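Open the model in your viewer and keep the selection box handy. Each stop below says what to select and what is there.

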Amino acid sequence: MVLNNNIELLYLKDRPLGTLEAMGLFVSPFNNLLCMLLGISFTVWFTLLLVFIIVPAVFGVSFGIRRLYMKSLLKVFEWATLRIERGAKEKNHHLYKPNANGIIAKEPTSLEEELKEIRRSGSSRDLNGSSSTSTGPGPSSSEFAMSDIFYFCRRGVESIVDDEVTKRFTAEELESWNLLTRSNYNVQHISTRLTVLWGLGVVIRYCFLLPLRLTLAITGVTLLVVFTTIIGFLPNGRMKNFLSEKVHLMCYRICVRALTAIITYHHSENKPKNGGICVANHTSPIDVIILASDGCYAMVGQIHGGLMGVIQRSMVKACPHIWFERSEVKDRHLVAKRLSDHVEDKSKLPILIFPEGTCINNTSVMMFKKGSFEIASTIYPVAIKYDPRFGDAFWNSSKFGMVNYLLHMMSSWAIVCSVWYLPPMNRQEGEDAVQFANRVKAAIARQGGLVDLLWDGGLKRSKVKETFKEEQQKLYSRILVGTHEDRSRS
Amino acid sequence: MGSRASSLLREEDIEEIKKETGFSHSQITRLYSRFHSLDKGENGALSREDFQRIPELAINPLGDRIINAFFPEGEDQVNFRGFMRTLAHFRPVEDNEKNKDPSAGEPLNSRNNKLLFAFRLYDLDRDDKISRDELLQVLRMMVGVNISDEQLGSIADRTIQEADTNGDMCISFSEFIKVLEKVDVEQKMSIRFLH
């Protein structure tokens, strides 16, 4: 070794060092240093991760770091809003402010009331009855008035400007900016401080939070698959159920931290029990993680391929979930039978169902499909309301795919939501499934502060049924013909 | 997302639309956001399908006629200017507008223009007359299958009889105005746009 070194030195002495060689001499000790630093930072990183995030997740405790983070973010947002408003006033810009009350004020009058009003105003000032050839008394003197179209016309244009349905399928507009590009309404450069803050936000979210969350998510999912498969080998019994519960809760809690989800559970005394069906409003696939990290449920759904399928198949080894093949989903009787069989077995976990059938943007609750309400069991309603200031949880499945959506989720500030467990409900005497479903829906909407709509969430993709138009036509015909009958009677 | 769309509308365009229609700045930006959210094809113009996607409009018996009113003769696309021009008919009539300079032309939301909008819902072929057939068509749209042809026919005949003053068995625009002279058109054909 020494001989070689001496020979090298001899060579080096004889000729001048090329720049590459010079760099080589410097890089190699630098290389070692770099490797050491990386090694140390990884170790520190993982230790911190373990201590502050994974271990609390396993035991279900919380250090309160996330809430502190949320409070500080709110302060930053407030400052940013004030700054934007002040900046806009100085530069005399018009700020785009989405009005929380809507674009127009609608009059909630019905067809009958409005037609009576129009006709009354049309003929009341006509006291002499000069041009009118009708002989009937009062406002229903003419069967058809050309002004009848005013009602339909105005309603039609009102719905073009602002309707109740289409706005439920896009993300809710925020009242003030939350430093994310995706919800930016106004020109970015109001002040350098704001732009710097925004830039800092981007760096923090994509370079620090995103990798952290991805690590956690991968950990959570891997642990879930591995542990549930292991538990699957145990014989059925109390031990298996106990372990399965613990494993599921632990992995979901890790996933919750992977999204930096800050969840507040209300009325935990009403948590769903075995043999019941839990129904909730649907905003995103994350709803499942949020509910399942606080209690154990049997999931219902279609078997997918790929990673999702792997997870589903391993979960069902540990405890009975209800997964359907694609072909079975269409068979409503089969679905109902499997659900009621599960519900009758009191040792099985409560079923988690989202009766809307599709993701809605968390400003309203749309029609509940009656399938799950036809099964004879107790319904445990749950209301989930997200706070949109920290990150929008709504999955617009026509615009974004699943991967894109998860990326959005993991690069938002946080997911903040409230979960209310409502008291259990049962179908009453003389109530059919649809009425029961509407009653449950109204309770959920009331608790979550959401608008209760009768429209079908399926309108996201499909056309509205003709029967609704036919109802309106029938109503109008009754007004026309009704007056005719009155006249013939009198 | 509708929110970012507001930055695609230039200040000059907003000023022009303000002058033509009388909407305020914030109303125009909010309506642009709405226009953008209806425009699924993101090509800056709305087609008939974009309107029909609104469920409340699709179940309106006169839905198709109303959609038609937005599209100029023979065209299949309506841009934002056209959209605003049609919506301007439904602006409420403000008192201070009545004192405006008459040489600036009649505002889009005058009583006359509102009546013209309604007239055009009946008068499909734009020949400035509502014939018996055209009246029957609109009646049929509004009542569906619930009234027989004969009954509907007699309703139409009676209506034309009452309105027709020059005996041509059609209702012209001036006859239309006369029939509705007592009706509070300004209120019934106006939408309260919030500021």
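Select residues 276–387 of chain A. In this predicted model, the span is 33% helix and 23% strand. Its end C-alpha atoms lie 29 Å apart. UniProt, in an unreviewed entry, places "domain: Phospholipid/glycerol acyltransferase" at these residues.

Now show the whole of chain A. It has 14 helices and 10 strands. Of its 490 residues, 44% are buried. Take the contacts in chain A between residues at least 6 apart in sequence: 78% of them join residues at least 24 apart. The accessible surface of chain A comes to about 26,200 Å². Carbon and sulfur atoms hold 62% of that surface.

Next, select 36–65 and 214–234 of chain A. The unreviewed UniProt entry gives both the annotation "transmembrane region". Residues 36–65 are 83% helix and 0% strand, with end C-alpha atoms 30 Å apart. Residues 214–234 are 90% helix and 0% strand, and here the end C-alpha atoms are 31 Å apart.

Move to Thr260(A). It sits in the loop between helix H7 (238–258) and strand S2 (261–266) of chain A. Look at the backbone: phi is positive, about 45°, although the residue is not a glycine. Most residues other than glycine have a negative phi. Is Thr260(A) buried or exposed? At 9% relative accessibility, it counts as buried, because the cut-off is under 20%.

Step along to His267(A), in the loop between S2 and strand S3 (277–280) of chain A. This residue also is not a glycine, and its phi is positive at about 55°. His267(A) has a relative accessible area of 40%, so it is classed as partly exposed.

Then pick Lys441(A). It lies in helix H13 of chain A, residues 433–448. How much of this lysine is accessible? The relative accessible area of Lys441(A) is 1%, so the residue is buried. What does Lys441(A) touch? Leave out residues up to four places away in sequence, and the list has two runs. One is Val365(A), Met366(A), Met367(A) and Phe368(A). The other is Asp452(A), Leu453(A) and Leu454(A).

Now bring in chain B and look at the interface. Here 61 residues of chain A are in contact with 63 residues of chain B. The two chains bury about 6,000 Å² between them, 67% of it on carbon and sulfur atoms. Select Met146(A), Phe150(A) and Ile160(A). Together they supply 14% of the area that chain A buries against chain B, more than any other three residues.

Stay at the interface and display polar atoms. There are 12 residue pairs in polar contact across it, counting pairs with both residues at pLDDT 80 or more. How many salt bridges cross the interface? The rule finds one. Zoom in on Asp163(A) and Arg34(B): their side chains meet in a salt bridge, 2.8 Å from N to O.

Colour the elements of chain A that give two or more residues to the side touching chain B. They are strand S1 (104–105), helix H4 (111–124), helix H5 (149–161) and helix H14 (466–489). H5(A) gives the largest share, 12 residues.

Finish on chain B. The unreviewed UniProt entry lists "domain: EF-hand" at residues 26–61, 110–145 and 151–186. Select 110–145 of chain B: the span is 67% helix and 6% strand, and its end C-alpha atoms are 36 Å apart. Then select 151–186 of chain B: this span is 61% helix and 6% strand, with end C-alpha atoms 32 Å apart.

How values were computed: Residues numbered from 1 in each chain as written. Chains lettered and ligands numbered in written order. Predicted model: local features only at pLDDT ≥ 70, side-chain atom pairs only at ≥ 80, totals over all residues. Heavy atoms only, no water. UniProt positions renumbered as here; feature names shortened; annotations may be inferred. Helix = DSSP H or I, 4+ residues; strand = E, 2+ residues; numbered from the N terminus. Buried < 20%, exposed > 50% of the residue type's maximum accessible area, 1.4 Å probe, protein only. Contact = heavy atoms within 4.5 Å. Areas by Shrake-Rupley, 256 points an atom, 1.4 Å probe, with all protein chains shown as cover. Buried area = accessible area lost by both parts, 1.4 Å probe. Salt bridge = Lys/Arg side-chain N within 4 Å of Asp/Glu carboxyl O. Polar contact = N/O pair within 3.5 Å; in protein donor to acceptor, adjacent residues only side chain to side chain.
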